[in-house]
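Student: I've got a new model open and I'd like to learn how to read it properly. Can we go through it feature by feature?

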Amino acid sequence: MSLDSLKTLFGCICLGMIVLLFSGCAKKAVEHYAPVENQATGRAKPASSPAAMVAGGRDAFKPAPEMPLSSAAPVRERMIHHDGFIRLRSPRPRKIVDDATRMVEARGGYVERVDAGQAVFRVPVKAFKGVFDQLLKLGPVLEQSVRTEDITEAFMDVDLRLSIARNTRRRLVELLAKAKSEKEKIRILREIERLSTSIETLSAQRKRLLSKARFSRITLHIEALRAETSNIQRERIEAFRWIHQLSPFDDKVPGSGKPLKFDLPKGMVALNAKGLWVAESADGAFLRASRHELQPAGDTAFWLEAVKLRLRPEYAKVQVLDAGEFKLLRMEDRSETPFIYLVGLHVTARNVLELVEVYFASSSQESRYKETILAVIQGGAR
């Protein structure tokens, strides 16, 4: 195949990807997941909806087959994630945790982690409300909240991009077998390598979204009932709760502060979502920053230790990094394909906390952007 033919094929592939990604076709492209009614029984075939895939256990995490894009019926079931929080008071916190664990496991859930006076549970989405209501009966309720997130669109977008990348790579592999010159082969191999990295990242994102859709989260905090319990003690507990809410998949904490802007890292663009300042790459890595007025007063080392103490149990590896005036915790997920989450802190002379969060979907993505992002953080906020 000639070099001109190769250029033409590349141009068609790129044009096709652009049209699909920006013409609003994402929804139609994944409508093959919509339930299709069985003519004989009148029931929906469960394997053809996102919710049914989620209910499929381990099979749900198999790579998506490279299906042709089709215009089937609209998606009928949404992929929903619930995040619940309950704060109880009890003279026997350990017993409350044990009772809660039995309730969760009886409904198909499991314990994600247990700290002193706090437990985090994962519960099947359909069992969330029943388990949440049961936990509320374990003791006097001081606080409760539920946040619900529809991740259907995010899943469909990732699944479409993954399908396009896989199909494109397959065509390039076929083209490689027909290439005549070494120059053509090298160019095709480089493009295959780039797509393989993108496929790795998108596959990890798809797996996490499916896991999130399958299991909701309930955080149970038990306040020990003692004679010395006071308003001051409760205020101290409240002062550190925001740390437990830190997550690369949730912007609740940065959204509660004020935007903090940095120079744009190379290869990223600025996004303005809900008043936040976020810099994001085309393949999903991001840097976001915010400013907060917090109590109690403490320097950077104090808050770094507070965050480290509370988040360490959730991650497999935790490492401290320096970037100018910022101290950062580099945390690596426990999964087989771990993501990397960086939380950076700097307390100003006026006791204002500057918070930066960095997310890498994989170690290869971290290798591409880490040094650039750290250099931007080291340069300080604008």
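Tutor: Sure. Start with burial: a residue counts as buried when its relative accessible area is under 20%, and as exposed when that is over 50%. Keep in mind that this is a predicted model. Arg 87 has a relative accessibility of 8%, so it counts as buried.

Student: Where does Arg 87 sit, and which side chain does it share a polar contact with?

Tutor: Arg 87 belongs to strand S1. Its side chain is joined to that of Glu 223 by a polar contact of 2.6 Å. In sequence the two residues are 136 apart, yet their C-alpha atoms lie 7.2 Å from each other.

Student: What share of contacts join residues at least 24 apart in sequence?

Tutor: Taking contacts in the protein between residues at least 6 apart in sequence, 67% join residues at least 24 apart. As for burial overall, 45% of the 382 residues count as buried. The protein exposes about 20,000 Å², with carbon and sulfur atoms supplying 54% of that area. Its secondary structure comes to twelve helices and 13 strands.

Student: Back to S1, then. Is His 82 buried or exposed?

Tutor: Check it against the cut-off: His 82 has 17% relative accessibility, so it counts as buried. His 82 is in strand S1, which covers residues 80-90. Its side chain makes a polar contact of 3.1 Å with the side chain of Thr 148. Leaving out residues up to four places away in sequence, His 82 touches Val 125, Phe 128, Arg 147, Thr 148, Ser 216 and Arg 217.

Student: How should I think about side chains along a strand?

Tutor: In a regular strand they alternate between the two faces of the sheet. For a case to look at, take strand S3, residues 118-124: six of its seven residues are buried.

Student: Which strands does S3 pair with, and in what sense?

Tutor: S3 pairs with strand S2 (residues 110-115) in the antiparallel sense, over five bridges. Strand S5 (residues 215-224) also pairs with S3 in the antiparallel sense, over seven bridges. To find the pairings on screen, look for Val 114 opposite Ala 119 of S3, then for Phe 121, whose bridge partner in S5 is Ile 218.

Student: And helices? What's the basic idea there?

Tutor: An α-helix has 3.6 residues a turn, so residues three or four places apart point the same way. Now try helix H12, whose buried residues are Gln 365, Glu 366, Tyr 369, Lys 370, Ile 373, Leu 374, Val 376 and Ile 377.

Student: How does the end-to-end distance of H12 compare with the expected span?

Tutor: H12 runs over residues 363-378, and at 1.5 Å a residue its 16 residues should span 22 Å. The end C-alpha atoms are 21 Å apart, so the two agree. Don't stop at that check, though: H12 has a kink of about 45° centred on Tyr 369. Just after H12, Gly 380 takes a positive phi of about 85°.

Student: One last residue: what does Gln 205 contact away from its sequence neighbours?

Tutor: Gln 205 is in contact with Val 158, Asp 283, Gly 284 and Ala 361, once neighbours within four places in sequence are set aside. Gln 205 is part of helix H7, residues 182-214. With a relative accessible area of 13%, Gln 205 is buried.

Methods
Residues are numbered from 1 along each chain as its sequence is written. This is a predicted model: local features need pLDDT of at least 70, side-chain atom pairs count only at pLDDT 80 or more; totals for chains, interfaces and linings use all residues. Side-chain values use heavy atoms; hydrogens and water are left out. Helices (H or I, at least four residues) and strands (E, at least two) are DSSP runs, numbered from the N terminus. Buried means under 20% relative accessible area, exposed over 50%, partly exposed in between (1.4 Å probe, protein chains only). A polar contact is a pair of N or O atoms within 3.5 Å; within protein, one must be able to donate a hydrogen and the other to accept it, and residues adjacent in sequence count only if both atoms are side-chain atoms. Contact means heavy atoms within 4.5 Å. Accessible areas come from the Shrake-Rupley method with a 1.4 Å probe; for residues, only the protein chains shown count as cover. Two strands pair if DSSP finds at least two bridges between them. The expected span of a helix is 1.5 Å times one less than its number of residues. The bend at a residue is the angle between axes fitted to the seven residues ending there and the seven starting there.
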